[in-house]
Structure formats: structure tokens, C-alpha cells
Amino acid sequence: MTEPGIDAAAMEFKDRTTGLILFGVVGILIGAFKLMSFAVMLLVVGVAGGAEDAPGPEFASRAAPLSLGYQAAEAIAWIWLGIGSIRIRRWARALLLIYSWFWLLTGATGLVAIIVLLPRMMQRMPSTTTSEPAITAAVMAVMSVLMGLFMVVLPAIFILFYGSRHVKATCEWRDPTPRWTDRCPLPVLAMSLWYLFGAVAMPTGPALLGVFPLFGVFLEGVPAIAAVFAMMGLWAWQAWGLYRLDRMAWRISLATTIVFGLSAIATFARSDLLDLYSRMNLSEQQLDMMRSTGLLEGQALTALIAASIAVWVGGLFWIRRYFSDPVA
């Protein structure tokens with residue numbers, strides 16, 4: 001490739017160095033904002049921790065440090081990626097593009113959830129001025145607009161920028177040394193990182209209090225903890241195998257997705273998610289709030305699980321073309 005410093009106008013792409021710097025600054029600002037949010041959360045947890053009547057004290061005492069740790073890690077990651085973009089590093093472009101897709105998908109899902117669930121939740125609240133239709137509509141409009149801007153529009157802008165071939169070519173021009181993110185195609189890298197994130201985040205779910213759903217029953221105590229560590233190890237291995245384009249890792253990923261998906265369907269076909277949360281020592285107030293959504297029980301929950309399985313299986317088949325069989 002042409003050495004940095006040569007006029008990019010004479011090449012086959014447009015130099016996006018300025019854009020990479022500007023987007024990197026935005027990333028650092030996002031990280032700074034998340035650090036401030038972390039400080040606020042730390043203060044709130046410290047104040048709430050002293051309240052004797054705090055709901056779900058056992059769950060909260062274990063969940064708060066993990067939530068704070070996630071918030072701090074995300075802030076540091078944004079700052080790190082922002083600096084990488086400013087320095088025109090190809091690994092930063094790849095990771096920011098992947099993260100922006102995750103950001104968009106979760107944001108769009110959350111936006112739909114707010115539009116669908118918020119009216120139900122507000123109708124279940126005690127009779128106050130907040131239950132008036134006009135107030136409900138105003139709250140929904142404000143929350144939908146804010147979430148649409150920060151969780152849908154902003155990540156879409158990041159995707160359009162970092163997904164541009166000109167940005168990719170600029171990073172390869174300014175940073176000609178292949179990086180670890182070049183080891184496999186970006187869709188595979190995204191799936192690999194998601195499995196890795198799942199392995200790391202596994203203890204932050206129901207397993208936080210030693211509860212693990214499995215084919216119609218809820219494992220608790222030592223069996224649940226053992227199942228959690230087994231899943232963590234399996235997902236970490238799958239992440240590494242997919243990253244290395246190992247066909248066996250792809251096959252096992254597909255098989256485990258189907259098996260554990262069927263396990264979830266079998267479990268919640270005979271019980272609901274509230275049964276799971278009730279075993280996690282949540283208060284009745286928290287359970288009532290979850291119950292008000294109407295999506296944590298019955299056919300709605302089963303449909304959500306089945307849809308999630310279908311999406312994930314579709315994603316695995318989408319990246320299957322990168323795991324080609326060796327030529328005989």
C-alpha cells in the first residue's frame with residue numbers, strides 16, 4: 001500500500017483522517033459521560049446501601065458491584081477506542097463498528113420495549129396524576145425520542161462512518177501492520193466477542209444468587225454454580241474457536257444454541273420468569289413491577305425465547321461461509 005503522507009486524492013479512496021479524529025473525540029466524550037454516570041451510581045449505591053428497608057437487599061448487595069464494574073469497564077473501553085480512532089488504528093475501527101452494531105440492536109430492542117411496555121406499567125401504577133392519558137403520552141414521547149436519538153440514531157451514524165470503505169482504507173493506509181482484529185472476518189469476530197462477553201457476564205444474571213434454569217427445573221446452590229462455571233468455560237472456548245475459524249467450534253455453537261434454547265422453552269413453558277426472579281430474593285414491589293409488563297409469563301415469554309433462538313441460529317448460519325471445509 002502507499003506510504004502515509006502521499007496525497008490520498010490520487011488514490012482510490014478519500015482520506016477520512018479528520019473524521020476518524022472527530023469520531024474518536026466523540027467516543028472519548030461518551031466515555032467521560034459514562035465515567036460521570038459511574039460516579040453518580042457509586043454515590044447512589046453508597047446511600048442506598050445504608051437503608052435497612054432497601055428492596056431485595058441480598059440481590060442488590062451482590063448486583064451493585066457487578067453493575068458498577070460493567071459501567072466503569074464500558075467507560076474505559078469508550079475512551080480506549082476513542083484514542084485508537086484518533087490514532088487511526090485499524091483495530092479501533094473494527095471494534096467500534098462491531099460495538100456500534102450491538103449498540104444499535106440493543107437500542108432498537110429497548111425502544112420497542114419502551115413503546116410496548118411503558119403504557120402497561122404506568123396503568124398498573126397507583127392512581128395518581130401519572131396515570132392520566134396525557135401524562136402517559138408525554139412521558140412515552142420524551143423517553144422514545146431520547147432513546148431513539150441516543151440508542152438508534154447515534155449508533156447508526158457510527159455504523160455508517162466506520163463501515164465506510166473509505167474509513168477502512170484510511171485505517172489500512174495509516175496503520176499498515178495487520179492487527180488481531182484482522183485474524184478473522186468482522187462478522188465472525190463480532191460473534192466471537194459476543195460469546196466472550198456472555199462468558200464474562202454469566203455470573204451477573206440469575207446465577208448471581210445460584211439459580212440456573214435447566215430443562216424444566218431450577219438448579220440451586222452448588223449444582224447451579226457448577227452449571228454456571230461449565231457454561232462460562234464452554235462459551236469462552238466457543239469464542240476462541242470461532243475466532244480461529246474452527247469448524248468444530250461453529251458446530252458446537254450451533255448445537256448448544258439449539259439445546260439450551262429448547263431447555264429455556266421447556267423450563268418456562270411450565271413456569272415463568274417470575275418464578276426465577278422470586279428465587280433471587282427480589283422484593284414483592286420489584287416482582288409486581290416486572291409482572292406489570294405481561295411479557296414475563298405464558299406464551300409471550302415462550303415466543304420471545306423462540307424468536308431469540310431463531311435470530312441467533314440465523315446469525316450462526318450467516319457466518320457459516322467463513323468456515324469452509326478444506327480442499328481435498
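**Exercise 1.** In this predicted model, decide whether D182 is buried, partly exposed or exposed, and then find which residue its side chain meets in a salt bridge.

*Solution.* Begin with the relative accessibility of D182, which is 37%. Buried would require a value under 20% and exposed a value over 50%, so D182 counts as partly exposed. Next, look for the partner: the side chain of D182 meets that of R90 in a salt bridge, with 3.1 Å from N to O. Then place both residues along the chain, where D182 belongs to the loop between helix 5 and helix 6 while R90 belongs to helix 3 (residues 90-124), so that the pair ties together parts 92 residues apart in sequence. Finally, consider R90 itself, which is buried, with a relative accessible area of 12%.

**Exercise 2.** State how many salt bridges the structure holds, and work out where the partners D15 and R174 lie.

*Solution.* The structure holds five salt bridges, and one of them is formed by the side chains of D15 and R174, at 3.0 Å from N to O. Because D15 sits in the segment before helix 1 (17-49) and R174 in helix 5 (residues 165-174), this pair ties together parts of the chain that are 159 residues apart in sequence. As a last step, check the surroundings of each partner: D15 is partly exposed, with a relative accessible area of 31%, and R174 is partly exposed at 30%.

**Exercise 3.** Determine which residue forms a salt bridge with K34, and whether K34 is buried or exposed.

*Solution.* The partner of K34 is E74, and their closest N and O atoms are 3.5 Å apart. K34 is in helix 1 and E74 in helix 2 (residues 57-86), so this pair links distant parts of the chain, 40 residues apart. K34, with a relative accessible area of 18%, is buried, and E74, at 13%, counts as buried too.

**Exercise 4.** Test what length helix 7 should span, and find what its buried residues pack against.

*Solution.* Helix 7 (residues 222-243) has 22 residues, and at 1.5 Å a residue it should span 32 Å; the C-alpha atoms at its ends are 32 Å apart, which agrees. Turning to the side chains, the buried residues of this helix include A224, A227, V228 and M231, and also L242 and Y243. The buried residues of helix 7 pack against helix 6 (186-201) and helix 8 (247-270), as well as strand 1 (211-214) and strand 2 (217-220). Just after the helix, L245 takes a positive phi of about 60°.

Notes. Residues are numbered from 1 along each chain as its sequence is written. This is a predicted model: local features need pLDDT of at least 70, side-chain atom pairs count only at pLDDT 80 or more; totals for chains, interfaces and linings use all residues. Side-chain values use heavy atoms; hydrogens and water are left out. Helices (H or I, at least four residues) and strands (E, at least two) are DSSP runs, numbered from the N terminus. The expected span of a helix is 1.5 Å times one less than its number of residues. Buried means under 20% relative accessible area, exposed over 50%, partly exposed in between (1.4 Å probe, protein chains only). Contact means heavy atoms within 4.5 Å. A salt bridge is a side-chain nitrogen of Lys or Arg within 4 Å of a carboxyl oxygen of Asp or Glu.
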